[in-house]
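Subject: Structure for you to look at

Hello,

Here is the structure I said I would pass on. Please open it before reading the notes below.

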Amino acid sequence: MEEVLLTQDQMEEKDVLLSIYDGDECFTVLADNHYQYKFETDDAGKSLLLDIRWGPNYPSEAPLISLDAFYNRHIAAADKAALTTAVAKEAENWLGAPMTFTLFQHVKDNLAELTANFQSPQAQQSAAAAAAAPSVASASSAKQQQAAGKQEQMTKSQKRRLYDRLDNKGELPRGWDWVDVIRHLSQTGSQQQ
């Protein structure tokens, strides 16, 4: 934990937070001026970790509110921005007073409303896949047009058979494409003039 010079008001709020959240596994102290609270729901896609960091002029200025923790990787950027803005608006109402507990409590009390518009991780993935699909299709069609004049691509099984035929130098053995002369002549018959 990093040492930070705290004002008298900040030290008092820190002591109050430590006494309120004593034994609460969801509360984490990262530094004397940096706190996190994990809000868990039945829906894993709506659980989040709220990060609050006090600046040197806190509480006369709002703390830095963030959802950038790795725990929140499942939350879309737009959802993070909306939630951060909602908490920042609440912080504006409490300027000049200790507000960390109040902000954590506000999120806890309104978690269902604040996360109601969150997209599920599956919806985010399908939306991302749908957005990427046209670019992938256009890229593959461009490759097809570019390769139209070139040799056709081999399938996996064709590549595997070719690899199995290679010798220790990575070359095909001599005569790999020779036609069995006797079989060929027996199929075509001899053509005497």
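Strands β1 (27-31) and β2 (residues 34-39) run antiparallel and are joined by four bridges. The connection between β1 and β2 is a hairpin of two residues. Across this pairing, F27 stands opposite Y37 in β2. Please keep in mind that the model is predicted.

The hairpin region also takes part in a salt bridge. A search of the whole structure turns up one such bridge. D32 forms the salt bridge with K14, with the closest N and O atoms 3.1 Å apart. D32 lies in the loop between β1 and β2 while K14 is in helix α1, so the contact ties together parts that are 18 residues apart in sequence. D32 counts as buried, because its relative accessibility of 7% falls under the 20% cut-off.

Next, the aromatic residues. The structure holds 11 aromatic pairs. In the pair of Y21 and F101, the ring centres are 6.0 Å apart and the planes meet at 45°, so this pair is tilted. Y21 sits in the loop between α1 (8-20) and β1, and F101 in helix α3 (residues 100-109); the two are 80 residues apart, and their pair links distant parts of the chain. Are these two residues buried or exposed? Y21 is buried, at 8% relative accessibility, whereas F101 is partly exposed, at 32%.

Y21 also pairs with F104, and here the arrangement is edge-to-face, with 6.2 Å from centre to centre and 75° between the planes. This is another link between distant parts of the chain, from the loop between α1 and β1 to helix α3, with Y21 and F104 83 residues apart. F104 is buried, with a relative accessible area of 1%.

Ring pairs join these residues to others in a cluster made up of Y21, F27, Y35, Y37, F39, W54, Y58, F101 and F104. One member of the cluster, Y58, is followed by a cis peptide bond to P59, with omega at about 10°. P59 is in the loop between β3 (48-53) and β4 (64-66).

F104 comes up again in the nonpolar core. The largest such core has 25 residues, and those with the most contacts inside it are F39, L48, L50 and F104. Elements β2, β3, α2 (77-92) and α3 each supply at least two of the core's residues. In soluble globular proteins, nonpolar side chains tend to be buried together.

Which residues does F104 touch, leaving aside those up to four places away in sequence? They are Y21, F27, Y35, Q36, Y37, F39, L50 and I52. Of these contacts, Y21, F27, Y35, Y37 and F39 also belong to the aromatic cluster.

Last, confidence. The protein chain has a mean pLDDT of 79, and 76% of its residues reach 70 or more. Among its elements, β4 has the highest mean pLDDT, at 94, and helix α5 (residues 121-147) has the lowest, at 54. Where pLDDT is low, the predicted coordinates should not be read in detail.

Regards

How values were computed. Residues numbered from 1 in each chain as written. Heavy atoms only, no water. Phe/Tyr/Trp six-rings, centres within 6.5 Å; stacked < 30°, edge-to-face > 60°. Buried < 20%, exposed > 50% of the residue type's maximum accessible area, 1.4 Å probe, protein only. pLDDT = per-residue confidence, 0-100. Pairing = 2+ DSSP bridges. Core = buried A, V, L, I, M, F, W, Y, C linked by side-chain atoms within 4.5 Å. Contact = heavy atoms within 4.5 Å. Salt bridge = Lys/Arg side-chain N within 4 Å of Asp/Glu carboxyl O.
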